[in-house]
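Q: I'd like a close look at the helix packing here, and then a quick tour of whatever else is worth a glance. Please spell out the cut-offs as you go.

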Amino acid sequence: MVKRHRRSEFRGIDQRWPWGRLVLCLLLGVVVAVGMPKAGWLPGAAIAAVESSAPSAGGEQLEHQGIVQYGVGAYLQAIASWEQAIARYRADGDWSGLARTLSNLSLAQQHMGQWSAATAAIEEALSLLQTHDGARGQAELWAQVLNCEGNLRYGLGQMPAAIVAWEQATEAYGAADNLIGALQSQMNLALALKAAGFYQRAQEQLAEVVEQLRSQPDSPLKASALQRWADALRLVGRLDVAETALSESLALSQTLHADAERAATLLSWGNTKRIGGDMESAQDFYQQAIALERAPSATRILAQLALLNLQVQQQQWAAAQTLWPPLARDLQQLTSSHQNLYHRINLAISLLQINQGNPDRPPLAWRSIAEILAETASQAEELGDRLGQSYALGYLGSVYEQTQQPATAQTLTEQALTLAQGMNSGEAAYLWQWQLGRLLKQQGHNASAITAYGESIQTLKSLRSDLATVKADVQFSFRENVEPVYREFVSLLLTTDSGQEPTPAKLAQARDVIESLQLAELDNYFQEACLQGQPVSIDQLEARSAVLYPIILGDRLELILSLPQGQFRHYSRSIAAPELEALIQQFRQNLVILSRRNYLASAQQLYDLLVRPAIADLRANNVKTLVFVLDGDLKSIPMAALHDGQQFLIEEFAVALSPGLQLISPQPLEQQQLTILTAGLTEGRQGFAPLSYVEDEIAQIRSILPTGSSLVDESFTKPAFRSQVETTQFPVVHIATHGQFSSNLDNTFLLAWDDVIQGDELSRLLQDNTNNPQQVIELLVLSACQTAAGDQRAALGLAGFAIKSGARSTLASLWSVNDAATSELMALFYRELVKPQTTRAGALQMAQLSFLANPATRHPLYWAPFVMLGSWL
């Protein structure tokens with residue numbers, strides 16, 4: 001049964017609860033709300049207690065009458081019947097009938113949005129039980145009342161209390177030997193855990209429920225459990241398993257003609273397809289859910305909201321314009337509740353996006369959007385939902401921002417921020433700090449705007465673990481919801497009046513902000529805050545290195561050059577981001593095709609943008625190694641192949657890449673006898689072509705570094721590799737096998753003889769290579785890997801893997817290179833590496849220059865893709 005948590009584990013947790021993730025889910029209709037129980041969800045024992053005796057003109061008859069009315073949706077009539085039954089039970093001194101009916105009354109009041117009355121009813125029921133049955137002898141009655149309390153707390157958005165209530169209800173049903181009741185309560189518990197952001201725990205809860213239900217007859221409950229399990233699986237990134245569970249749930253619900261469960265499954269499948277990038281299938285599943293005649297209205301509304309959000313994202317403006325008016329009318333008819341508040345906020349966000357993103361059509365009436373949000377803010381205040389009120393007021397401020405009324409927008413935004421901070425909800429606070437920064441900038445208050453942006457960034461840093469675990473929820477997009485905060489802040493810091501240069505303090509702050517963005521981007525990639533940034537001053541580095549930060553903004557390219565002795569230089573070039581991205585893509589495409597020679601034009605254009613502004617300062621400071629902290633699509637191209645019209649960049653500087661000095665601590669390669677682990681495949685495996693030169697590559701490396709171990713072909717298995725890295729310390733690990741780096745962590749892998757080694761699995765293995773905690777892998781070489789074709793952000797996978805592996809530096813390639821050429825370049829690299837006073841970047845530079853001197857390998861296709869990430873010393 002469910003794991004029991006101490007009540008103290010949740011006491012006071014409101015102060016740090018990740019409500020923003022609940023909001024992010026609800027805003028898109030990803031979470032299928034628990035809703036108020038149907039008649040069948042009222043605990044069977046409560047109904048049986050009434051039906052077991054012939055109804056008479058007393059409390060039991062009135063209670064039974066209320067149950068019938070509740071079952072057909074006549075909630076006001078049910079409330080009236082139960083209130084009369086309660087009066088009879090009070091007069092008769094029947095405390096158990098009174099407690100049971102009070103809990104049912106609370107359910108009906110929750111349906112009607114009478115939250116204060118519902119709370120009073122359930123609290124009286126609990127007080128009666130504690131007074132008359134402290135030993136919990138009537139376990140079934142305890143279970144019913146606790147289940148109702150969980151429903152109430154969930155409806156009010158009080159997730160810690162909902163979790164505790166449903167945990168206790170599950171235990172009570174277990175004590176009453178009511179397996180089905182226990183499993184229903186456990187499913188509700190998982191829903192609350194998921195809403196609170198505990199996705200893995202929710203998934204484990206539901207997996208347990210599904211396993212127990214497999215031995216039970218087919219039922220709507222089993223279909224619902226499979227669907228909810230799939231929801232939790234989606235949120236932890238297990239899309240394939242989620243689809244299998246959804247397929248089983250849909251087949252079962254169709255067989256049973258269980259339309260409520262079928263609609264929920266179709267909605268869940270649409271969300272899963274959307275996460276996987278299959279927007280056409282997602283839309284089809286949403287439409288099927290909406291079209292089901294007997295689908296519950298709550299599920300249909302969620303599907304409509306999800307479909308509208310998708311249509312807006314896909315810029316299907318005509319379809320969105322058709323969908324939203326009837327949806328708005330349906331939402332207007334709903335009673336006030338925590339979930340329904342967020343449905344209205346969701347609709348308002350989609351309408352805001354329609355107005356912002358559809359310039360070819362007249363905007364929707366801003367007044368209509370404002371009225372939706374103002375009414376929602378008022379309802380949230382009545383419900384005591386301060387976070388819902390914060391979101392409603394904040395987005396209402398956005399309406400005034402868009403209609404050029406910054407003073408009113410600022411007042412509303414400040415109110416929203418105060419509410420969010422009062423709830424310690426950083427997920428909401430950072431949005432309103434960001435919005436406040438924009439509004440202050442719009443009004444010319446740049447100093448105050450800088451303060452607001454800075455506070456937003458600090459809030460985001462405090463939310464690292466929370467935001468990282470938002471596993472690809474549809475509404476939450478790192479590139480839309482987080483990245484712009486950093487870029488707008490950098491733009492503000494580097495914008496000065498009267499063309500004056502930014503102060504050194506602002507340049508240092510802008511550099512720190514862009515490094516924080518690199519860290520946040522990697523957190524988002526790994527879906528965990530696993531990387532710890534520690535500032536490293538350029539003063540600590542050897543005197544001939546400089547670090548260049550290109551920063552892509554909407555209308556320009558900013559460059560910050562960090563020189564030794566704490567010097568900063570700033571340069572700016574006017575170029576729109578789409579134009580720069582097109583140039584980057586053209587350069588990459590031309591480089592990877594040997595027959596093309598027209599790469600020089602784009603190589604020179606990029607040099608003029610990225611390097612030429614700084615070249616005089618680089619030469620004046622006698623810089624020999626140029627380290628790039630690359631931004632955006634720049635990560636996908638080799639800086640070594642930039643060209644000044646006379647020579648390639650690699651001919652003047654050793655070149656290295658870094659995710660930022662916060663993430664690495666550059667250390668020189670110790671001049672000692674380096675022990676190496678070499679591993680590779682020469683034969684084709686699992687559909688990959690043979691690498692016939694790998695054997696020669698490894699032989700040449702072993703002739704240069706003879707000490708260590710080697711695993712080739714049949715000996716290069718996952719268990720053998722694991723055994724080597726766990727038992728022996730290798731400063732150098734060289735792997736020559738097929739592999740791929742992707743922006744999707746699940747598609748990052750290396751190929752062993754017996755199996756694929758996933759990227760996160762290899763990272764864990766290498767991090768565990770720790771006989772001596774003071775020793776690390778100095779150099780990891782991945783000689784036959786490449787970034788995923790067609791993946792614009794695949795280089796993020798390479799950078800992420802390089803950092804998480806724990807190696808000080810990683811040598812890898814941006815694209816697949818001729819097997820023989822790779823073998824030769826690797827041998828040249830190691831011959832240089834063992835020379836005294838040679839840095840890692842210097843060794844790679846000399847190997848690349850050797851290729852440049854050879855007419856057969858002069859084309860950048862052969863030497864440019866090899867990049868040194870991490871420590872260059």
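A: What follows starts with the ground rules, moves to the helix pairs and ends with a few single residues.

This is a predicted model, so to speak about local features a pLDDT of at least 70 is needed, while side-chain atom pairs count only at pLDDT 80 or more, and totals for chains, interfaces and linings use all residues. Residues are numbered from 1 along each chain as its sequence is written, and side-chain values use heavy atoms, with hydrogens and water left out.

First, the overall picture. The protein has 36 helices and 15 strands; these are DSSP runs, H or I of at least four residues for helices and E of at least two for strands, numbered from the N terminus. Of its 873 residues, 60% are buried. Buried means under 20% relative accessible area, exposed means over 50%, and partly exposed is in between (1.4 Å probe, protein chains only). Among contacts with a separation of 6 or more, 70% link residues 24 or more positions apart, where contact means heavy atoms within 4.5 Å.

Now the helix pairs. Helix α13 (residues 259-275) and helix α14 (residues 279-291) have axes that come within 8 Å and cross at roughly 165 degrees. Those axes are lines fitted to C-alpha atoms, for helices over the stretch in contact, and angles run from 0 to 180 degrees between N-to-C directions. The two helices, α13 and α14, are therefore roughly antiparallel; that word is for angles over 145 degrees, with under 35 counted as roughly parallel, 65 to 115 as roughly perpendicular and the rest as oblique. The crossing of α13 with α14 is left-handed, meaning that the near helix is turned anticlockwise from the far one by less than a right angle (clockwise would be right-handed). On the α13 side, the contact includes A263, L266, L267 and W269, and on the α14 side M279, F285 and Y286 are among the residues involved. By class, the contact between α13 and α14 has 9 nonpolar, 4 polar and 2 charged residues. Here Ala, Val, Leu, Ile, Met, Phe, Trp, Tyr, Cys and Pro count as nonpolar, Asp, Glu, Lys and Arg as charged, and the others, Gly among them, as polar.

Next up is helix α19 (residues 386-402) with helix α20 (residues 406-422): their axes are 8 Å apart and the packing angle is about 160 degrees. That makes α19 roughly antiparallel to α20, and their crossing is left-handed. The contact draws on residues including L393, G394, L396 and G397 of α19, and A409, L412, A416 and L419 of α20. Its class count comes to 8 nonpolar, 8 polar and 2 charged residues.

Then there is helix α3 (residues 59-71) against helix α5 (residues 95-111), at an angle of about 30 degrees and with axes 11 Å apart. That makes α3 roughly parallel to α5, and the crossing is left-handed. From α3 the contact takes E63, I67 and Y70, while α5 supplies R100, T101, N104, L107, A108 and H111. Sorted by class, the contact of α3 with α5 has 4 nonpolar, 3 polar and 2 charged residues.

On to single residues, starting with backbone angles. Most residues other than glycine have a negative phi. D177 has a positive phi, near 55 degrees; it sits in the loop between α8 (159-175) and α9 (179-195) and is exposed, at 73% relative accessible area. Q686 also isn't a glycine and has a positive phi of about 50 degrees. You'll find Q686 in the loop between β6 (676-680) and α30 (694-704), where it is partly exposed at 47%.

V776 is in the loop between α32 (759-767) and β12 (779-782) and is partly exposed, with a relative accessible area of 27%. Leaving aside neighbours within four places in sequence, V776 touches Q729, P731, G806 and R808. V776 and Q729 are 47 residues apart in sequence but 8.1 Å apart C-alpha to C-alpha. H338, in helix α17 (residues 338-357), is buried at 4%, and its C-alpha is 9.5 Å from that of G384, 46 residues away along the chain.

Last, the cysteines: C148 is buried at 3% and C785 at 0%. The structure holds 0 disulfides, a disulfide being a pair of cysteine sulfur atoms within 2.5 Å.
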